[in-house]
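Reader: Got a minute to walk me through this fold? I'd like to start with strand pairing.

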Amino acid sequence: MIKTLCPRDYNEAIQVGHFFRTGTPVVMDLTKLPDSEAKQFVDFAAGLVFGRRGDMERLSPKVFLLAPYGMIARSSDEEGE
């Protein structure tokens, strides 16, 4: 299961952390946030992923996949190789 979250403000970062820490991959859709808040989410997610040894992949300019440790996130470019 992959959890998709579309936060409307930075207070919802706790949800991203909760699902990621339980081992659930998270798609973080930041398209509804202004750029300044979206940057805060990306910074938060980068720290979370680094601290938990996971992986983060940009799916589009404001949409990111956070993959927990042990789950390999592969882009379509890598699949052909």
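Reader: Which residue in E4 does Val26 stand opposite?
Author: Val26 stands opposite Leu66 in E4. Keep in mind that this is a predicted model.

Reader: How many bridges join E2 to E4, and do they run parallel or antiparallel?
Author: There are 4 bridges between E2 and E4. The two strands run antiparallel.

Reader: And E1 with E2, parallel or antiparallel?
Author: Parallel, with 3 bridges joining E1 to E2, residues 26-29. In one of these strands, E2, Met28 is the bridge partner of Leu5.

Reader: What's the strand order in the sheet?
Author: The order is E1-E2-E4-E3. The sheet is open, has 4 strands and shows mixed pairing. Strands E1 (3-5) and E3 (55-60) are the edges, each pairing on one side only. From one strand to the next, the twist averages 20 degrees.

Reader: What packs on the sheet?
Author: Helix H2, residues 35-51, does. H2 touches E2, E3 and E4 (63-67). The direction of H2 makes about 145 degrees with that of E3.

Reader: Back to E2. Which residues are buried on its two faces?
Author: Val26 and Met28 are buried on one side, Val27 and Asp29 on the other. That covers both faces of E2. In a regular strand, side chains alternate between the sheet's two faces.

Reader: How does the chain get from E1 to E2, and is the crossover right-handed or left-handed?
Author: The chain goes through H1 on the way from E1 to E2. This β-α-β crossover is right-handed.

Reader: New topic, H1. Which residues are buried there?
Author: In H1, residues 13-21, the buried ones are Ala13, Val16, Gly17 and Phe20.

Reader: Why do they line one face of the helix?
Author: Looking down the axis of H1, its buried residues fall within an arc of 95 degrees, so they line one face. An α-helix has 3.6 residues a turn, so residues three or four places apart point the same way.

Reader: What do those buried residues pack against?
Author: The buried residues of H1 pack against E1, E2, H2 and E4.

Reader: What phi does Gly23 take, just after H1?
Author: Gly23 takes a positive phi of about 90 degrees.

Methods
Residues are numbered from 1 along each chain as its sequence is written. This is a predicted model: local features need pLDDT of at least 70, side-chain atom pairs count only at pLDDT 80 or more; totals for chains, interfaces and linings use all residues. Side-chain values use heavy atoms; hydrogens and water are left out. Two strands pair if DSSP finds at least two bridges between them. Axes are lines fitted to C-alpha atoms, for helices over the stretch in contact, and angles run from 0 to 180 degrees between N-to-C directions. Contact means heavy atoms within 4.5 Å. Buried means under 20% relative accessible area, exposed over 50%, partly exposed in between (1.4 Å probe, protein chains only). The arc is that of the directions from the helix axis to the C-beta atoms. A crossover is right-handed if, with the strands pointing away from the viewer, the path from the first strand over the helix to the second runs clockwise.
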